[in-house]
Amino acid sequence: MGIRHALAGGIAGTALALGSMAVPAQAAPAAGGTAPACIEREVSYTDQGFFVLLENTCSRAMSIQVIVNDGPDGSCFSLGKGYTAAPFFSKGTYARTVVC
């Protein structure tokens, strides 16, 4: 599924399904380098904050973290091959997605 198609399906539904597709990591290690291009990202701002739609098109599961300017960073979590997630942030602006 392409990232644009996933947005058409509704970010809210993707965000609700996050629990079944992304598993929080046990510890919150320091952020690493920028996530590879096979972790597709699309940022959508709302009046309340922003979503980062993430899609893993890599050949394996990836541990990733969203880094936020002027707000708390997201938690490190594992995103399975072929899965999507849409974490929501109520403060700050999107900086980048990194491996962790």
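**Group meeting: a walk through the core, the disulfides and the rings**

Let's start with one residue: Leu54 counts as buried, at 0% relative accessibility. Before I go on, keep in mind that this is a predicted model. Leu54 sits in strand E3. So what does Leu54 touch, once we leave aside its neighbours within four places in sequence? Quite a list: Ile39, Glu40, Arg41, Ile64, Val66, Phe77, Leu79, Tyr83, Thr84, Ala85, Pro87 and Thr97. Take Ile39 from that list. Leu54 and Ile39 are 15 residues apart in sequence, and from C-alpha to C-alpha they are 6.4 Å apart in space.

That takes us to the core. In general, nonpolar side chains tend to be buried together in soluble globular proteins. Here, the largest nonpolar core has 15 residues. Which of them touch the most other members? Those are Ile39, Val52, Leu54, Ile64 and Val66. Strands E3 (50–56), E4 (62–69) and E5 (77–79) are the elements that each give two or more residues to this core. The largest share comes from E4, with 4 residues.

Okay, let's stay with E4 for a bit. Is this strand mostly covered or mostly open? Mostly covered: of its 8 residues, 6 are buried. E4 pairs with E5 in the antiparallel sense, over 3 bridges. E4 also pairs with E8, again antiparallel, this time over 6 bridges. If you want to find these pairings on the screen, look for Ile64, whose bridge partner in E5 is Phe77, and for Ile67, whose bridge partner in E8 is Arg96.

Ile64 is worth another look. Not counting residues up to four places away in sequence, Ile64 touches Ala35, Ile39, Leu54, Ser75, Cys76, Phe77, Leu79, Thr97, Val98, Val99 and Cys100. Hang on to those two cysteines, Cys76 and Cys100, among the contacts of Ile64; I'll come back to them in a moment.

One more stop in E4, and this one is a polar residue: Gln65 is found in that strand. Gln65 is buried, with a relative accessible area of 10%. And where does its side chain go? The side chain of Gln65 reaches the backbone oxygen of Gly74, at 2.9 Å.

Now for the disulfides. For anyone who needs the reminder, a disulfide is a covalent bond between the sulfur atoms of two cysteines. How many does the structure hold? There are 2. If you number the bonded cysteines in sequence order, the pairing reads 1-2, 3-4.

One of them is Cys38 with Cys58, and their sulfur atoms are 1.9 Å apart. Cys38 lies in the loop between strand E1 (22–24) and strand E2 (39–45), while Cys58 lies in the loop between E3 and E4, so this pair ties together parts that are 20 residues apart in sequence. The torsion about the S-S bond of Cys38 and Cys58 is about 85 degrees, so the disulfide is right-handed. As for exposure, Cys38 is partly exposed at 24% relative accessible area, whereas Cys58 is buried at 6%.

Then there are the two cysteines I asked you to remember. Cys76 is joined to Cys100 by a disulfide, S to S 2.0 Å. This pair links distant parts of the chain, with Cys76 in the loop between E4 and E5 and Cys100 in the segment after strand E8 (93–99), 24 residues apart. The torsion about the S-S bond of Cys76 and Cys100 is about 90 degrees, so this disulfide is right-handed. Cys76 counts as buried, at 6% relative accessibility, and Cys100 is partly exposed, at 25%.

Last topic: the aromatic rings. The count comes to 3 aromatic pairs. In one of them, Tyr45 and Phe50 have ring centres 5.2 Å apart and planes at 40 degrees, so that pair is tilted. Phe50 and Phe89 have ring centres 5.2 Å apart too, but their planes are at 25 degrees, so that pair is stacked. Why does that count as stacked? Because the planes are under 30 degrees apart, which is the cut-off for stacking. This pair links distant parts of the chain: Phe50 is in strand E3 and Phe89 is in strand E7 (residues 88–89), 39 residues apart. Both Phe50 and Phe89 are buried, and for Phe50 the relative accessible area is 0%. Put the rings together, and Tyr45, Phe50 and Phe89 form one aromatic cluster.

How values were computed: Residues are numbered from 1 along each chain as its sequence is written. This is a predicted model: local features need pLDDT of at least 70, side-chain atom pairs count only at pLDDT 80 or more; totals for chains, interfaces and linings use all residues. Side-chain values use heavy atoms; hydrogens and water are left out. A nonpolar core is a set of buried Ala, Val, Leu, Ile, Met, Phe, Trp, Tyr and Cys residues joined through side-chain atoms within 4.5 Å. Buried means under 20% relative accessible area, exposed over 50%, partly exposed in between (1.4 Å probe, protein chains only). Contact means heavy atoms within 4.5 Å. A disulfide is a pair of cysteine sulfur atoms within 2.5 Å. Two strands pair if DSSP finds at least two bridges between them. Rings of Phe, Tyr and Trp (its six-membered ring) pair if their centres lie within 6.5 Å; planes under 30 degrees apart count as stacked, over 60 as edge-to-face and the rest as tilted. A polar contact is a pair of N or O atoms within 3.5 Å; within protein, one must be able to donate a hydrogen and the other to accept it, and residues adjacent in sequence count only if both atoms are side-chain atoms.
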